[in-house]
Amino acid sequence: MLRNLRMGISSLFQKAQRNREMDEELRGYVEAAAADNMSRGMTAEEALRNAKVEMGSTESVKHGVWSAGWESTAHSIWMDLRYGARQLAKTPLFTIVCVLTLALGIGANTAVFSVMNAVLLRSLPVADPQRVVYLNTSSPPHRTGTVDSHETFSYPVYDAIRQQHGALTDVIAYVPLSTGKVAVRFGAQPEEANGDMVSGNFFSGLGVKVIRGRGFSTEDESSHAPVAVISYNFWTRRFARNPDAVGKTVFVKGISFTIIGVAAEGFEGVEAGRSTDFWIPLQDRPELNAWGNPPWDGKTYMSQPIWWCLRMLGRLAPGVTTAQAIAQLQLTFQNAAYVGLGNPEPGEKRPTLGFGEAKSFPGYDEQYGKPLRMLMAMVGLVLLIAFSNVVMLLIARNSNRRREFSLRLALGAGRGKFFRQLLTESLLLVALGGGLAWLFAIWATKALGFWAQIETSLAPDGIVLYFTLSILILAALLFGLAPLRSALAVQPGLVLKASSATSNTDVGKSRSGKVIVALQMALCVVLLVGGALLVRTFRNLKNVSLGMRTDGLVVFGVNPQNLHSRTEALAFYEELIRRLRVLPGVDSVTVMESRLGSWWSNNRNAIVDGKPPIVAGGGSGLTRSNVVGPDFFHTIGVPVLVGRDFSDSDTATSPHVAVVNELFAERFLPNQSPLGHHVMGDDGKTENVIVGVVKNHKYRSIDEEPIPMSWSAYTQDGDVAELHVEMRVHGDPLAILPAAQKVVQQMDPNLPLLQPMTQREQFETTISQQSLFARLAGFFGSLAVLLVATGLYGTLAYRVNNRTVEIGVRMALGARRSQVVWSVLRDSLVLTAIGVAIGIPIAVVVAKLLSSALFGVQPYDALSYSVATCSVLLVAVLASLLPARTASSVDPWTALRSD
Amino acid sequence: MPDKNSDLVQGTLEMLILKTLVLEPMHGYGIALRIEQISKGVFRVNAGSLFPALSRMERAGRIQAEWRATENNRRAKYYVLTDSGRKALKDETKLWGRQIAAISRILEA
């Protein structure tokens with residue numbers, strides 16, 4: 001076997017020497033035969049002639065020997081490849097267009113599929129993920145507080161379910177330390193990181209390896225051990241994979257933990273959409289309450305049974321089905337659900353436990369599922385256009401090569417050889433395009449992940465590679481087979497009897513070409529309409545007035561630790577505001593509880609003057625509220641219409657005050673001055689006097705509808721835990737951050753600035769998805785137009801080229817230039833009209849599917865449809881005009897003499 | 001001597017070549033001549049099938065080729081049987097014997 005390979009290779013590379021040896025051996029053979037013949041009495045001349053005749057052609061003997069080895073097959077494949085490469089190099093424009101078309105089409109598909117794979121299809125990187133389930137509930141019981149109404153549980157529920165053995169071998173609880181990032185410190189410099197508190201069996205139960213040090217144990221959980229495991233990513237990013245990281249001390253919100261391990265590479269936690277940097281065992285101290293909340297009635301998540309805040313995972317016991325496990329646990333769950341509540345309220349439906357597959361991360365599907373599938377459909381269309389383009393170009397090209405094929409057939413080439421040749425050429429094209437596509441996809445995937453703010457690793461994996469390879473194989477076969485029909489229909493006699501002009505006309509081919517062009521036009525219209533609608537949506541969102549002046553505004557969070565009373569917290573923030581105000585370049589400073597433009601809000605039914613207001617026409621009584629600092633409206637640039645802004649004189653001991661917006665006043669206090677009326681405070685206990693009315697402005701997000709709002713002063717209302725500082729500065733708002741950080745650190749060395757950014761950026765995060773998809777849709781729409789344009793140009797140029805003689809005859813007979821141009825143009829205009837006629841109805845259907853993603857634009861938006869139609873028309877005219885001009889400039893005599 | 005040399009059954013040529021090489025190393029023409037002589041002219045091996053067969057067998061490691069001087073002092077490529085070639089000959093001869101016996105039984109039945 002090995003010898004065979006070695007000898008084959010040596011014969012491949014030492015062909016000349018092999019040849020010489022063969023010649024010598026055969027010469028010897030002939031001489032020996034001649035000598036033998038002479039010994040039988042022939043003359044020397046006769047003997048030699050006889051011997052030569054007997055052996056036949058030396059070349060054919062040599063060929064026989066050559067074909068006996070495998071290397072001859074390898075050699076002929078190599079020759080095919082070289083011939084194919086030469087053919088492709090002969091038509092560089094064709095090759096470049098094909099390769100780029102394939103690279104863009106396949107690359108875009110690979111990139112989107114790779115995101116989809118990572119976000120929607122990939123399993124959790126845990127051992128035996130099919131046996132792992134997310135626990136969920138139909139609803140939490142009434143009178144409880146929740147973080148997520150389906151996916152979070154109270155501590156007593158966790159405790160009860162883990163006591164039940166049999167159904168689940170492991171019950172794993174986990175909860176973030178903050179809604180965002182949490183303050184950590186290794187040395188002097190505070191930082192922020194994503195951290196979760198987890199049960200002791202987190203790593204062992206999930207089957208996630210800890211590659212350095214150790215994971216947690218159940219004792220770590222019960223003793224609330226001050227230990228931490230960091231993720232591989234964090235280890236890489238923060239410690240450059242220094243083994244000394246294990247054993248280091250990390251201060252989480254100022255409390256010291258020892259790093260005891262590093263989790264396996266690829267495991268980024270079980271939180272949707274973000275990668276966890278470190279884990280600590282479940283803790284029981286008020287500073288480290290779940291979600292970074294202050295204790296509720298003085299109780300942390302462990303002692304407050306009515307706070308449903310823990311997420312849970314379970315591993316099914318061997319041989320137990322999902323249904324059996326739920327049935328076994330249901331009663332335990334329903335009993336534990338009412339710990340701390342007593343009996344269910346009359347008419348209240350008891351919550352039911354359910355399991356969700358841990359196939360993908362919870363929440364990903366709702367968040368990214370629809371847009372991603374939409375995007376996948378879009379790039380699928382682009383791929384379709386790209387493929388049909390290449391097929392058309394190949395058909396056109398190979399029709400031009402029919403004389404070459406015919407000549408080769410006449411010279412004795414087999415049809416099997418043709419087939420191999422065409423397949424080799426398409427394979428070369430596909431390989432080039434595919435290689436480029438992979439590079440493009442790797443880059444595009446990174447860009448997509450960055451734009452969509454997905455922290456989970458999106459890098460293409462094995463599944464994506466299979467996906468791309470199968471597209472490539474499909475493409476290679478398609479491109480090899482499509483031109484084969486015309487190649488095989490060639491007769492060897494063709495070259496002898498037909499001229500170049502007539503041999504290239506083929507009515508049937510150009511008809512199928514027309515159908516493809518019309519369909520491409522239709523697809524192009526669909527993509528363009530979709531793209532235009534999304535781009536218009538994005539522009540509408542971008543131009544929405546926020547009702548405030550965001551330029552010059554910068555925002556960051558501060559979460560002070562070790563403050564033991566409300567008085568201390570107030571003192572901290574008063575001091576902070578005072579110190580920030582005197583920084584150079586600062587115009588004004590304020591604080592707020594819910595950060596503007598971050599989706600967070602406090603919602604409830606309004607209580608005005610001690611009772612729910614009567615709303616005219618039975619409208620909603622819902623109101624949102626926020627707790628803010630002095631000069632709040634002045635700082636964010638919202639005009640005060642009546643009364644006054646909050647000020648430093650609103651202290652804990654002064655009369656409790658509130659500000660409401662216009663809509664609040666109109667809806668709940670119509671036809672009267674709102675000043676002096678009372679509104680319920682944020683804590684649901686205090687009554688605040690309205691002292692001002694401000695203009696409506698955006699609160700949670702850019703695309704929200706106006707809603708009645710009220711504000712109270714942080715000195716008089718709310719928890720005063722983590723607050724967000726808003727600063728208006730002159731010049732670049734971000735330039736103030738180092739100075740601000742210094743101020744904060746002087747007050748507490750453990751505190752980083754949490755998620756610092758400009759207020760504008762903060763608001764734009766609420767339309768990041770729309771902006772991402774608008775950009776992508778615009779990009780893919782343009783890509784489709786570009787592809788259709790090249791395809792159309794290629795086909796038309798080819799058809800016009802074939803009609804050179806016909807056009808020459810026409811012009812010789814007196815046809816005018818304009819008539820010739822028009823005849824070419826008319827062709828493509830008819831195709832465009834058909835394409836648009838097919839495309840518009842499809843686009844209407846697609847736009848209706850899109851309607852939930854649109855903002856400020858109707859699915860039947862005339863402008864978008866006109867833009868799409870005009871673009872397609874423009875492309876068609878431009879792509880036809882060039883070949884048409886070439887055709888009309890044909891000199892009749894040259895045309896007639898051309899063959 | 002028949003007009004046309006009888007076609008050899010597929011695969012038997014290699015066996016015959018192995019057999020001729022048992023006694024001594026030979027060059028290409030020598031092999032062809034020996035086969036023709038021993039078969040009394042029934043099988044005449046032409047160069048077009050001899051050399052590819054030799055090349056295949058060399059690849060398979062049944063024979064080895066080396067350049068040597070001939071009796072009249074010319075350089076020629078001699079083929080030498082290897083151990084694996086000897087073994088192959090034994091196996092093939094056994095198989096052939098069984099096949100021949102079976103075929104004669106069928107023809108005589």
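Q: In which helix of chain B do Asp91(B) and Lys87(B) both lie, and how many residues apart are they?
A: Both sit in helix α4 of chain B, which covers residues 83-108. They are four residues apart, about one turn of the helix. Keep in mind as we go that this is a predicted model.

Q: What makes the pair Asp91(B) and Lys87(B) a salt bridge?
A: The closest N and O atoms of the two residues are 3.3 Å apart. The cut-off for a Lys or Arg nitrogen and an Asp or Glu carboxyl oxygen is within 4 Å, so the pair qualifies.

Q: Why is Lys87(B) called exposed, and what is Asp91(B) called?
A: Lys87(B) has a relative accessible area of 53%. Exposed means over 50%, so the word fits Lys87(B). Asp91(B) has 38% relative accessibility. That value falls between 20% and 50%, so Asp91(B) is partly exposed.

Q: How do you know that Lys62(A) and Glu59(A) form a salt bridge?
A: Look at the closest N and O atoms, which are 3.2 Å apart. The limit is 4 Å, so this pair counts too. Both residues lie in helix α4 of chain A (residues 58-68), three residues apart, about one turn of the helix.

Q: Why is Lys62(A) called buried or exposed, and what about Glu59(A)?
A: Lys62(A) has a relative accessible area of 10%. Buried means under 20%, so Lys62(A) is buried. Glu59(A) reaches 52% relative accessibility, and the mark for exposed is over 50%, so Glu59(A) is exposed.

Q: Which residues are joined into one network by salt bridges that share partners?
A: They are Asp23(A), Glu59(A) and Lys62(A).

Q: What makes the salt bridge of Arg536(A) and Asp861(A) a link between distant parts of the chain?
A: The two residues are 325 residues apart. Arg536(A) is in helix α19 of chain A (residues 507-543), while Asp861(A) is in the loop between α27 (817-850) and α28 (862-888). Their side chains still meet, at 2.9 Å from N to O, and the cut-off is 4 Å, so this is a salt bridge.

Q: Why is Asp861(A) called buried or exposed, and what is Arg536(A) called?
A: Asp861(A) has 11% relative accessibility, which is under 20%, so Asp861(A) is buried. Arg536(A) has a relative accessible area of 28%. That lies between the 20% and 50% marks, so Arg536(A) is partly exposed.

Q: Why is Met312(A) called buried or exposed?
A: Its relative accessible area is 1%. Buried means under 20%, so Met312(A) is buried. Met312(A) lies in strand β13 (residues 311-316) of chain A. Among the residues that Met312(A) touches are Val133(A), Tyr134(A), Phe153(A) and Tyr174(A). The C-alpha atoms of Met312(A) and Tyr134(A) are separated by 6.2 Å, although the two are 178 residues apart along the chain.

Q: Why is His142(A) called partly exposed?
A: His142(A) has a relative accessible area of 41%. That value is between 20% and 50%, so His142(A) is partly exposed. You can find His142(A) in the loop between β1 (132-137) and β2 (145-146) of chain A. Not counting residues up to four places away in sequence, it touches Leu341(A), Glu345(A) and Glu348(A).

Q: Which residues have the most contacts inside the largest nonpolar core?
A: They are Phe479(A), Phe633(A), Trp711(A) and Phe780(A), in a core of 113 residues. Helix α12 (residues 364-400) of chain A gives the most to this core, with 17 residues. Phe780(A) is in contact with residues including Leu375(A), Met378(A) and Leu527(A).

Q: How many residues does each chain bring to the contact of chain B and chain A?
A: Chain B brings 24 residues and chain A brings 24 residues. The area buried between the chains is about 2000 Å², and carbon and sulfur atoms give 53% of it. Tyr29(B), Phe51(B) and Arg59(B) supply 39% of the area that chain B buries against chain A, more than any other three residues.

Q: What makes Arg75(B) and Glu24(A) a salt bridge?
A: The closest N and O atoms of Arg75(B) and Glu24(A) are 3.0 Å apart. The limit is 4 Å, so the pair counts. Across this interface the rule finds two salt bridges.

Key. Residues are numbered from 1 along each chain as its sequence is written. Chains are lettered from A and ligands numbered from 1 in the order in which they are written. This is a predicted model: local features need pLDDT of at least 70, side-chain atom pairs count only at pLDDT 80 or more; totals for chains, interfaces and linings use all residues. Side-chain values use heavy atoms; hydrogens and water are left out. Contact means heavy atoms within 4.5 Å. Buried area is the accessible area (1.4 Å probe) that two parts lose on being put together, summed over both. A nonpolar core is a set of buried Ala, Val, Leu, Ile, Met, Phe, Trp, Tyr and Cys residues joined through side-chain atoms within 4.5 Å. Buried means under 20% relative accessible area, exposed over 50%, partly exposed in between (1.4 Å probe, protein chains only).
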